[in-house]
Amino acid sequence: MTEPVIQVSHAAVGYDGRAVLRDVSLTVTAGEVVAVLGANGSGKSTLIRAVLGLVPLGAGSVALFGTPQRRFRQWHRIGYVPQRLGAGSGVPATVGEVVASGRLARRGVLRPSGRADREAVAEALRAVGLADRAGDPVATLSGGQQQRTLIARALAGRPEVLLLDEPTAGVDAASQEAFAHALRAFRDGGGTVLLVAHELGPLRPLISRAVVVHQGGICHDGAVPEPAGHHAEPGHDHVHPHCDEEPAGLWSM
Amino acid sequence: MDLFQYDFMLRALVGALVIGLAAPALGIYLVQRRLALIGDGIGHVALTGVGAGLLLNRSPVLVAVVAATLGAIVIELVRSRGRTSGDLALALLFYGGIAGGVMLVGLSDASSGSLNAYLFGSLTTTSPADLVTILVLGVAILVTMLVLRPALFAVCHDEEYARVSGLPVRALNLLLAVGTAVTVTIAMRAVGVLLISALMVVPVATAQQVTRGFRATMGAAMALGLFAAGAGVWVAATADTAPGASVVLLAIGSFLVVALLAAGRRALRRRTRPVAVPVAEPPEHEVVLR
């Protein structure tokens, strides 16, 4: 069964008149674990943000579960893991409170949180190995643990597809392992994954397909390229040749 | 306490207590979003409404609610588009608001004392009709902020994630803006437009010195707001001081006491447990003192 979960057709995205993505097409079918690879500034994060409608398309189209992105309303089917915790954290919040936000897509704005919500939050925290930190303020967690909190938030909504923006960037080894474990469990439960990464690390065995973005276009779509000695994949190698391609502000949001 | 046998005193006290609960319940979302000073700006705009109300012989509180709401919606639209030009647009709105207010109050028959009453609060001016307005709107704000806490928390914590969750982000942002305007205007009587922002922000800043989570912070801030408002009105009545100033100074006094106690507790803990546990202390004072 190959129902397209995400379908990007000839998408183009530009900021201030400068093209970041040009004529990108990508289809992700149910059960796939697709990694979007590329150097900093290649446009790979923009691709995932365009899929979610967080940046407007200049041309082309995006469909989610067969529905045009603009008319898509079943957001509970999607779990989004941003690169890092949002800036708006002036007031302390516990890990449990942040993860509980992940239930809103399913529950709606007005219905109070019930037992199913609490169970889903507890299960998501167990899946990322943070069950004992539910009552701790997120600000006291390490970067890797904060990242796991965000993954738990996405998992708490019991989505069908996970979209992750650089989930392992700057994350300690223990958190990377916990993260790979959670992702494997999600895939084994029938979930689909689209993730942006700079390097794969312990995620490598999970990836069923790799897409390499280079200078706003897709230059490879298929098997995961070898990490070293494969300079035929220009965007992949762990170097930073195109860092000034995009303004820094885009990545820090 | 004999003072509270007078009806006007009782009205002032009840109004202040409702505001003491509602202002921090709304203010916590503003602090979370790092918009701690927005209430102050909306207060300036509300003053134009007061002036217009006095000039037109309508209820100043109701006209101010309308003016502040319109101002808040404009501010929110500027913010959501927001880039650097928004900063200047806000400045124009704020100073235009206060200048318009002073001008209109001057044109009306009202004395200069009544302008002061709206700027800094006054115990004797809360009419029975005002109290009804304060009660109805204050309770509405309180209930909305409590019922929508998960959604508003999500929007203020991570707006993009909220959008991808399918939440009505724009509607919730507008609700918050309108709520701020309403809170500012109903609090005019008790603490005045120039000081209301303090009652939204300072109890939250105090609470988060010692709390670990959002819900706990909200509860503690509401308790602190209730205390500052009640005690402030009592002090104002007893010592014949401006109620707004009394309420705000009590709130700031609580902040200093709690901040010192929290710092002492941290120091003590560091001494008994030499290995520091927290990785990164959140910059707790930043919100108020910026």
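Tutor: Let's start with a term: a crossing is right-handed if the near helix is turned clockwise from the far one by less than a right angle. Keep in mind that this is a predicted model.

Student: Okay, so in which hand does H10(B) pass H11(B)?
Tutor: Helix H10 covers residues 196-207 of chain B, and helix H11 covers residues 214-239 of chain B. Their axes lie 8 Å apart. The crossing of H10(B) past H11(B) is right-handed.

Student: Which class of residue is absent from the contact of H10(B) with H11(B)?
Tutor: H10(B) brings residues including B:Leu199 and B:Pro203, while H11(B) brings B:Ala220 and B:Leu224, among them. Sorted by class, there are eight nonpolar and three polar residues, and the number of charged ones is zero, so to speak: no charged residues.

Student: How are H10(B) and H11(B) oriented to each other?
Tutor: The two helices pack at an angle of about 125°. Angles of 65 to 115 count as roughly perpendicular and those over 145 as roughly antiparallel, with the rest oblique. H10(B) and H11(B) are therefore oblique.

Student: Now H7(B): is it largely enclosed or not, and how many of its residues are buried?
Tutor: Helix H7 runs over residues 149-157 of chain B, and the rest of the structure largely encloses it. Its buried residues, including B:Phe153 and B:His157, pack against H2 and H3 of chain A as well as H1, H8, H9 and H11 of chain B. The buried count, out of nine residues, is eight.

Student: Which element gives the largest share of the side of chain A that touches chain B?
Tutor: The contact takes 30 residues from chain A and 35 from chain B. On the chain A side, S6, H2 and H3 each supply at least two residues. The largest share is three residues, and it comes from H2(A).

Technical notes
Residues numbered from 1 in each chain as written. Chains lettered and ligands numbered in written order. Predicted model: local features only at pLDDT ≥ 70, side-chain atom pairs only at ≥ 80, totals over all residues. Axes fitted to C-alpha atoms, helices over the stretch in contact; angles between N-to-C directions. Helix = DSSP H or I, 4+ residues; strand = E, 2+ residues; numbered from the N terminus. Parallel < 35°, antiparallel > 145°, perpendicular 65-115°, else oblique. Contact = placed C-beta atoms within 7 Å. Nonpolar A, V, L, I, M, F, W, Y, C, P; charged D, E, K, R; others polar. Buried ≥ 20, exposed ≤ 12 C-beta atoms within 10 Å, placed from the backbone.
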